[in-house]
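Please open the model in a viewer and keep the sequence panel at hand. The tour below proceeds by selections, each followed by a description of what is found there.

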Amino acid sequence: MTKRTSAKYKIDRRMGENIWGRAKSPVNRREYGPGQHGQRRKGKLSDFGIQLRAKQKLKGHYGDLTEKQFRRIYAEAERVKGDTGENLIGLLERRLDALVYRAKFVPTVFAARQFVNHGHVLVNGKKVNIPSYRLKEGDVVEVREKSKQMALVLEAVQSPERDVPDYIEADHNKLTAKFVRTPALSDVPFAVQMEPNLVVEFYAKN
């Protein structure tokens, strides 16, 4: 198991939930946390603990973003008119690595980040290698021609594990995906319940 894969599954075990809905998640076999003390009975969480957990779960889902990265996105969501929690989800889903994952070009969000970093993706015909690149409605993302036969890609598009959400128009024959619109929380196919309202409460108090 690679270091990144190990870290990914550690997030699942720490949260006690299968965050990405993957068949290989260790919480499908055991529901306690990582480490020698993982099987201890968990006490009731405080309001702070519940809010912190919601933040960590959302950060983890998008590839275990750093606190600095996540806080910067949150600050922008707070500045934009409208519901801050909904704005936060919209900004996270506009990340290039998030679309590459949602379009099923790769199997995991961690693979999506690496895939973009290594220059396998075009946005509107131009190479972009920044995972956090922010997409606009109507942008078209494409797997570069030389990368279309990668085993990683071929396996991902054929996997029945996930469906492509309706705010993305994906063509798996051409390996293109159009970002149709910024989704609301209810549009995003999270495998577990995400509660951005609790993230808002967390940052309001801390």
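Helices in this tour are DSSP runs of H or I with at least four residues, strands are runs of E with at least two, and both are numbered from the N terminus. On that basis, T108 is placed in the loop between helix 5 and helix 6. The model is a predicted one.

**The whole chain**

Begin with the entire chain in cartoon representation. The chain holds eight helices and five strands. Followed from the N terminus, the elements succeed one another as α-α-α-α-α-α-β-β-β-α-β-β-α. Switch to a surface display: the accessible surface of the chain is about 11200 Å², and carbon and sulfur atoms contribute 47% of that area. Of the 206 residues in the chain, 46% are buried. Among the contacts in the chain with a separation of 6 or more, 60% are between residues 24 or more positions apart.

**Helix 4**

Select residues 84-93, which form helix 4. How many of the 10 residues of helix 4 are buried? Nine of them are, so the helix is largely enclosed by the rest of the structure. The buried residues are T84, G85, N87, L88, I89, G90, L91, L92 and E93. Now display the surroundings of the helix. The cover over its buried residues includes helix 2, helix 3, helix 5, strand 5 and helix 8, the last spanning 196-205.

Move next to the start of helix 4 and show the side chain of D83. One of its side-chain oxygens comes to within 3.0 Å of the backbone nitrogen of G85.

**Salt bridges around E93, R95 and D97**

Stay with E93 and add R102 to the selection. These two residues form a salt bridge, with 2.8 Å between the closest N and O atoms. Is E93 buried or exposed? E93 counts as buried because its relative accessibility is 1%, below the 20% cut-off. R102, at 4%, also counts as buried.

Then select R95 and D97. They too are joined by a salt bridge, the closest N and O atoms lying 3.0 Å apart. D97 is buried at 1% relative accessibility, and R95 is buried with a relative accessible area of 6%.

For a contrast in exposure, select E145 and K148. Their side chains meet in a salt bridge at 3.4 Å, N to O. Here E145 is exposed, at 60% relative accessibility, whereas K148 is buried, at 11%.

Finally, select K55, K59 and E67, which are linked in a network of salt bridges. The salt bridges in the model number nine.

**The loop between helix 5 and helix 6**

Select residues 96-102 for helix 5 and 109-117 for helix 6, then show the loop between them, where K104 is found. Which sign does phi take at K104? It is positive, near 65 degrees, in a residue other than glycine. K104 counts as buried, at 7% relative accessibility.

Further along this loop, show T108. The side chain of T108 reaches the backbone nitrogen of A111 at 2.9 Å. T108 counts as buried at 9% relative accessibility.

**The loop between helix 2 and helix 3**

Turn to helix 2, residues 47-61, and helix 3, residues 67-79; D64 sits in the loop between them. D64 is not a glycine, yet its phi is positive, at about 55 degrees. At 33% relative accessibility, D64 counts as partly exposed.

**The sheet**

Close the tour on the strands. The five strands make up an open sheet in the order 2-1-3-5-4, with antiparallel pairing. Which strands stand at the edges of the sheet? They are strand 2, at 126-127, and strand 4, at 168-171; each has a single partner strand, so one side of each has no neighbour in the sheet.

Select strand 4 together with strand 5, residues 176-179. The two pair in the antiparallel sense over four bridges. To locate one of the partnerships, display I168, whose bridge partner in strand 5 is F179. Strand 5 also leads back to an earlier stop, since it is among the elements that cover the buried residues of helix 4.

Conventions
Residues are numbered from 1 along each chain as its sequence is written. This is a predicted model: local features need pLDDT of at least 70, side-chain atom pairs count only at pLDDT 80 or more; totals for chains, interfaces and linings use all residues. Side-chain values use heavy atoms; hydrogens and water are left out. Two strands pair if DSSP finds at least two bridges between them. A salt bridge is a side-chain nitrogen of Lys or Arg within 4 Å of a carboxyl oxygen of Asp or Glu. Buried means under 20% relative accessible area, exposed over 50%, partly exposed in between (1.4 Å probe, protein chains only). A polar contact is a pair of N or O atoms within 3.5 Å; within protein, one must be able to donate a hydrogen and the other to accept it, and residues adjacent in sequence count only if both atoms are side-chain atoms. Contact means heavy atoms within 4.5 Å. Accessible areas come from the Shrake-Rupley method with a 1.4 Å probe; for residues, only the protein chains shown count as cover.
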